[in-house]
Amino acid sequence: MPAKKILMLTGEFTEEYEIFVYQQAMEAVGHIVHVVCPDKNAGDLIKTSLHDFEGDQTYTEKPGHHALLNKTFSEAEKQLEQYHAVYCAGGRGPEYIRTDKRVQAIVRHFHENKKPIFTICHGVQILIAVDGVVRGKKVGALAACKAEVTLAGGTYIDLSPTEAYVDGTMVSAKGWTALAAFIRECLKVLGTEIRHN
C-alpha cells in the first residue's frame, strides 16, 4: 500500500503527546506526517504543553518539550492536493490557530473534498471555526468543548478516556490517553492494515 500523507496542524503549546506519539506511530507504519504551524518554517521549533488531570476542577498545564516542524506552513497550504488527511492536534494551540483564515481554508479544503479529518482533545476547536465541518457529525473531544460542538451543529459524544469515535471519515477522541485507539481508527480510515503472523 502506498504511503499516505497527513497534514498535522499545530500551534505553540499544542499537546506534546498528541504531536510526538501520533507522528511517530504513523511514520512507523510508513506514512508521512508533515507538522506545520502558521508563519513557521521547516526546521523551526514550537513549544508544547502537557495537560494532566490531578484532581482539580480542570486540567493542569505544564511545559512540554520543543517540537520540530518538518514542513513550511506556506508551502503546505499551496500543496493541499498531495495530502490524504488532516489532523488537528489538541492542547492550547487550537484556540488561537483556529482564528487564522489560512488554517480555516485548509480545513475547508479537506471538508469539501471529503478527505479524512482527524481531531483529538481541543483540536475540534479548529474544525468548529469552519462552518459546516462538524454539523451533523458525532464528535468526541475534551468535555470543555461540548458546548462548542453542540452550537456548531454537531453531537458531542462523551467518550471514555481511552476510546475513539468514527463518523464516516472523521475520527475523534477525548485526549491523549486515547491515542492508541485514536491512531488505530485513523489507520483504518486511511486503509492501512496491520497483520500479525
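The expected span of a helix is 1.5 Å times one less than its number of residues. That yardstick will help in one of the close-up views below, all of which show a predicted model.

**View 1. Helix H4 and the neighbours of its buried side.** Helix H4 covers residues 101-112, which makes 12 residues. From its first C-alpha to its last it reaches 16 Å, close to the 16 Å expected. Look for its buried residues: Val 103, Gln 104, Ile 106, Val 107, His 109 and Phe 110. These residues pack against strands S1 (5-9), S6 and S7, and against helices H2 (73-76), H3 (93-97) and H5 (124-128). Just after H4 comes Lys 114, where phi is positive, at about 55°.

**View 2. The six-stranded open sheet.** Follow the strands across in the order S3-S1-S6-S7-S11-S10, and you will meet mixed pairing along the way. Strand S3 (32-36) and strand S10 (164-167) are at the edges with a single partner strand each, so one side of each has no neighbour in the sheet. From one strand to the next, the twist averages 20°. S1 and S3 run parallel and are joined by five bridges. To find this pairing, start at Lys 5, whose bridge partner in S3 is Ile 32.

**View 3. Two helices on the sheet.** Helix H1 (residues 16-28) packs on the six-stranded sheet, where it touches S1, S3, S6 and S7. The direction of H1 makes about 175° with that of S1. Helix H7 (residues 179-190) also packs on this sheet, touching S1, S6, S7, S10 and S11. Between the directions of H7 and S7 the angle is about 175°.

**View 4. Strand S7 and its two partners.** Strand S7 spans residues 117-120: Ile 117 and Thr 119 point one way, Phe 118 and Ile 120 point the other way, and all are buried. Strand S6 (residues 85-88) pairs with S7 in the parallel sense over three bridges. Here Cys 88 stands opposite Thr 119. S7 is also joined to strand S11 (residues 170-173) by four bridges, and these two strands run parallel. Phe 118 has Val 171 as its bridge partner in S11.

**View 5. Glu 185 in helix H7.** Is Glu 185, a residue of helix H7, buried or exposed? Its relative accessibility is 18%, so Glu 185 counts as buried, the cut-off being under 20%. Leaving aside residues up to four places away in sequence, Glu 185 touches Ala 164, Val 166 and Val 171.

**View 6. The three-stranded open sheet.** This sheet has the order S2-S4-S5, with mixed pairing. Strand S2 (14-15) and strand S5 (60-68) are the edge strands, each pairing on one side only. Strand S4 (residues 45-52) runs antiparallel to S5, and seven bridges join the two. As a landmark, find Leu 50, whose bridge partner in S5 is Lys 62.

**View 7. Cysteines without a disulfide.** How many disulfides does the model hold? The count is zero, with a disulfide taken as two cysteine sulfur atoms within 2.5 Å. The sulfur of Cys 37 has its closest cysteine sulfur in Cys 88, but they are 13 Å apart, too far for a bond. Cys 186 is in no disulfide either, since the nearest cysteine sulfur, also that of Cys 88, is 11 Å away. Cys 37 is buried, at a relative accessible area of 2%. Cys 186 counts as buried too, with 0% relative accessibility.

How values were computed: Residues are numbered from 1 along each chain as its sequence is written. This is a predicted model: local features need pLDDT of at least 70, side-chain atom pairs count only at pLDDT 80 or more; totals for chains, interfaces and linings use all residues. Side-chain values use heavy atoms; hydrogens and water are left out. Buried means under 20% relative accessible area, exposed over 50%, partly exposed in between (1.4 Å probe, protein chains only). Two strands pair if DSSP finds at least two bridges between them. Contact means heavy atoms within 4.5 Å. Axes are lines fitted to C-alpha atoms, for helices over the stretch in contact, and angles run from 0 to 180 degrees between N-to-C directions.
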